[in-house]
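Please open the model in your viewer and keep the selection tool at hand. The tour below moves from the whole chain to single residues, one selection at a time.

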Amino acid sequence: MKVANDILIPELARLIAEGKEVRFTPSGVSMRPFIEGDRDAVILAPLYRAPRVGDILLACVTNHQSPITNHQSSPTYVLHRLIRIEDVLSTLDSPLYILQGDGNLSGEEQCIRGDIIALVKHIETPSGRRKPLTRGRLWYALKPLRKWLLKIYRHTILKTYN
C-alpha cells in the first residue's frame, strides 16, 4: 500500500526524532543505480553528527525544481546524496547542504541542518541483502558519463530483476 509522502514522512520524522531507526521503501528513480525505487528499502537513522559529503539524506527542501517544468515547487521531501556544503554568511545559523540524486543528470536541492530528517544507514534489496553504502565519490566523478551509464543500467541490470 502506498501512502502519500506528506502523510508518511512526518510520521517517519517523529519516530526518527525519538531515536528510532525506520525501514522505508522509497519510490522514484532519482537514486539509481544505488537505490532502486519501489524495490530497495533504506534504513533511516537519526543524524547525530554533522552531515558529510557523500551521505544519503532524507530532507525537506524548498527549492526543488521539477525536471519537466523547470519551475520551483512547494516544499518537498527528497532522499538524495549530499554533494557539497556551502558556508553562507547570512542570518542562517547553518551552512547550506546541497543535495542531488545519483540518478539525476542535473538539478540540485538545498537545505539547512534543520531540514534534514534522517541519514540512510543501510540499503537493502528485497531479499534482505544489504548493499554496500558508498560515499558516491567515483559516481560523482563520472558525472559526464552518467547519462550513458544509466542507460546501460536500465537496459541490462534492471532486466535481471524484472
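Helices and strands, the elements named in this tour, are DSSP runs numbered from the N terminus, with at least four residues for a helix and at least two for a strand. What you are looking at is a predicted model, and if you colour it by these elements and follow the protein chain from the N terminus, you will meet them in the order α-β-β-β-β-β-β-β-β-α-α. In total, the protein chain has 3 helices and 8 strands.

**The whole chain**

Before you select anything smaller, switch on the surface of the protein chain, whose accessible area comes to about 9500 Å², with 57% of it belonging to carbon and sulfur atoms. Of the 162 residues in the chain, 41% are buried.

**The nonpolar cores**

Next, select Ile35, Val42, Leu44, Ile56, Leu58, Leu79 and Val120, which are the residues with the most contacts inside the largest nonpolar core, a group of 16 residues. The elements that contribute two or more residues to this core are α1 (5-17), β1, β2, β3 (56-61) and β7 (116-124), and the greatest contribution comes from β7, with 4 residues. In soluble globular proteins, nonpolar side chains tend to be buried together.

Now keep leucine 58 selected on its own and show what surrounds it: leaving out residues up to four places away in sequence, leucine 58 touches Ile9, Leu44, Val78, Leu79, Asp115, Ile116, Ile117 and Ala118. A second core, separate and made of 11 residues, can be found by selecting Leu57, Tyr97, Cys111 and Leu119, which are among its members.

**Aspartate 40**

Move on to aspartate 40, in the loop between β1 (22-24) and β2 (41-45). Is aspartate 40 buried or exposed? Because its relative accessible area is 0%, aspartate 40 counts as buried. Its side chain reaches the backbone nitrogen of glutamate 36 at 2.9 Å, and a polar contact of 3.2 Å joins it to the side chain of arginine 39. If you leave aside neighbours within four places in sequence, the residues in contact with aspartate 40 include Thr25, Pro26, Ile123, Glu124 and Lys131.

**Salt bridges**

The structure holds 14 salt bridges, and a good one to select next is the pair of arginine 81 and aspartate 102, whose closest N and O atoms are 2.7 Å apart. This pair links distant parts of the chain, since arginine 81 belongs to strand β4 (residues 76-86) while aspartate 102 sits in the loop between β5 and β6, 21 residues apart. Arginine 81 is buried, at 3% relative accessibility, and aspartate 102 is buried with a relative accessible area of 3%. Beyond its neighbours within four places in sequence, aspartate 102 is in contact with Ser30, Met31, Arg32, Phe34, Arg81, Trp139 and Arg146.

From that list, select Arg32, since arginine 32 forms a salt bridge of its own with glutamate 36, with the closest N and O atoms 2.8 Å apart. Arginine 32 is buried at 14%, and glutamate 36 is buried at 6%.

For the last stop, select Glu11, Arg14, Glu18 and Lys20, which are linked in a network of salt bridges. Within this network, the closest N and O atoms of glutamate 18 and arginine 14 are 2.7 Å apart. Here glutamate 18 is partly exposed, with a relative accessible area of 44%, and arginine 14 is partly exposed at 40%.

Technical notes:
Residues numbered from 1 in each chain as written. Predicted model: local features only at pLDDT ≥ 70, side-chain atom pairs only at ≥ 80, totals over all residues. Heavy atoms only, no water. Buried < 20%, exposed > 50% of the residue type's maximum accessible area, 1.4 Å probe, protein only. Polar contact = N/O pair within 3.5 Å; in protein donor to acceptor, adjacent residues only side chain to side chain. Contact = heavy atoms within 4.5 Å. Core = buried A, V, L, I, M, F, W, Y, C linked by side-chain atoms within 4.5 Å. Areas by Shrake-Rupley, 256 points an atom, 1.4 Å probe, with all protein chains shown as cover. Salt bridge = Lys/Arg side-chain N within 4 Å of Asp/Glu carboxyl O.
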